[in-house]
Amino acid sequence: MKIYRFDKIDSTNEFLKKCDGLEERDVVIAKVQTAGKGRRGNSWVSLEGAGLFSFVLKEDEKIAQEEYLKLPLLVGYSLLKTLRRFEDLDYKFKWTNDIYLNEKKLSGILIEKIENNYIIGIGININNQIPEKIKEIAISLNDVTEKIYNLEEVIFTIIEDFFGEFERFKNGEWFKILKEINEKNYLFGKRIDIVYGKIKESGLAGEILKNGELEVFLGNQVKSYNVGEIHISRESKG
């Protein structure tokens, strides 16, 4: 396990993607990211005081490729459990890769693959102050608790806990994990818009299914999605 620390970097994921000889659990931590990104190329506001890091998971040849489609859910689930160890708050998991608190985004996850390595990037608003322009949609732990946290303690606990949950996953406990994920399913019962490519569909979000897809009720139809950008409709926001 190698640990890289930077005061400033473009992207922790990009750094690991360019490294040779990656080992499982290699991790890069940054105080500031200048080009942080989320899924589908969305930007992530990366300010000092946030937990900004990426680490390596080696592909296991014994696990079928389609099982890795559940990886963002597993990371989010594990992250939510770890955060509760630090502060027992009502965190929610937003399919497929965000953690919400008090109806606002607390954390985002980006998973990329290069060769037989999964690069797991996580950004969490911890000690940082949220800029005024995004205060309606984002939150930090400090906003809620007014505490200052040891960032590396939080980061390394998250990584350690994830590998413990990944062992549960490998040992056949996916249905137990999925049940717990659905208990914290932020989208459940909300009217949502799903955008994928040039297509937009609207419906009522249901459960996260055993294959990791999201169930959505579209009038008399029931569909499931494995990709897509989710927007909560104004109707659900009230």
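Helices and strands are taken here as DSSP runs numbered from the N terminus, with at least four residues for a helix and at least two for a strand. In the predicted model described below, Glu115 is placed by this assignment in the loop between strand S6 (104–114) and strand S7 (117–124). The phi angle of Glu115 is near 55°, a positive value in a residue other than glycine. With a relative accessible area of 69%, Glu115 is exposed, because the cut-off for that class is over 50%.

A second positive phi value in a residue other than glycine is found at Arg25, where the angle is near 80°. Arg25 belongs to the loop between helix H1 (12–17) and strand S2 (27–33), and its relative accessible area of 26% makes it partly exposed. A further backbone feature concerns the peptide bond from Trp95 to Thr96, which is cis, with omega near 5°; Thr96 is located in the loop between strand S4 (92–94) and strand S5 (98–101). As background to these features, most residues other than glycine have a negative phi, and most peptide bonds are trans.

The helices are considered next. Helix H2 (residues 71–86) comprises 16 residues and spans 23 Å from its first C-alpha to its last, a value close to the 22 Å expected at 1.5 Å a residue. Among the residues of H2 that are buried are Leu71, Leu74, Val75, Gly76, Tyr77, Ser78, Thr82 and Leu83. Helix H4 (residues 151–170) has 20 residues, and its end-to-end C-alpha distance of 29 Å is likewise close to the expected value, here 28 Å at 1.5 Å a residue. The buried residues of H4 include Val154, Ile155, Ile158, Ile159, Phe162, Phe163 and Phe166, together with the charged residues Asp161, Glu165 and Arg168. Packing by the buried residues of H4 is directed against S2, strand S3 (51–58), H2, S7 and H5.

The packing of H4 with helix H5 (residues 174–183) is made at an angle of about 125°, with the two axes 7 Å apart. That angle makes H4 oblique to H5, since it lies outside the range of 65 to 115 degrees counted as roughly perpendicular and is not over 145, the cut-off for roughly antiparallel. On the side of H4 the contact is formed by Glu165, Arg168 and Phe169, and on the side of H5 by Trp174, Lys176, Ile177 and Glu180. By residue class, this contact consists of three nonpolar and four charged residues, with no polar ones.

In soluble globular proteins, nonpolar side chains tend to be buried together. In the present model the largest nonpolar core contains 55 residues, of which Ile122 and Phe162 touch the most other members. When residues up to four places away in sequence are set aside, Phe162 touches Phe55, Leu57, Leu71, Leu74, Val75, Ser78 and Ile120. A second core, separate from the largest one, is made up of eight residues, among them Leu16, Cys19, Val28 and Val56.

Three buried positions illustrate how segments distant in sequence are brought into spatial relation. Val154, a residue of helix H4, is buried with a relative accessible area of 4%. The C-alpha atoms of Val154 and Leu83 are 8.1 Å apart, although the two residues are separated by 71 places in sequence. Beyond its neighbours up to four places away in sequence, Val154 touches Phe86, Ile126 and Tyr149.

Leu101, which is found in strand S5, is buried with a relative accessible area of 1%. Its C-alpha atom is 8.8 Å from that of Leu141, a residue 40 places away in sequence. With residues up to four places away again excluded, Leu101 touches Leu89, Asp90, Tyr91, Leu106, Ile139, Leu141 and Val144.

Gly49, by contrast, is located in the loop between S2 and S3, yet it counts as buried at 13% relative accessibility, because the cut-off is under 20%. A C-alpha separation of 9.7 Å is found between Gly49 and Asn142, which are 93 residues apart along the chain. Outside its neighbours within four places in sequence, Gly49 is in contact with Lys31, Ile126, Asn127, Asn128 and Leu151.

Terms used:
Residues numbered from 1 in each chain as written. Predicted model: local features only at pLDDT ≥ 70, side-chain atom pairs only at ≥ 80, totals over all residues. Heavy atoms only, no water. Axes fitted to C-alpha atoms, helices over the stretch in contact; angles between N-to-C directions. Parallel < 35°, antiparallel > 145°, perpendicular 65-115°, else oblique. Contact = heavy atoms within 4.5 Å. Buried < 20%, exposed > 50% of the residue type's maximum accessible area, 1.4 Å probe, protein only. Core = buried A, V, L, I, M, F, W, Y, C linked by side-chain atoms within 4.5 Å. Expected span 1.5 Å × (residues − 1).
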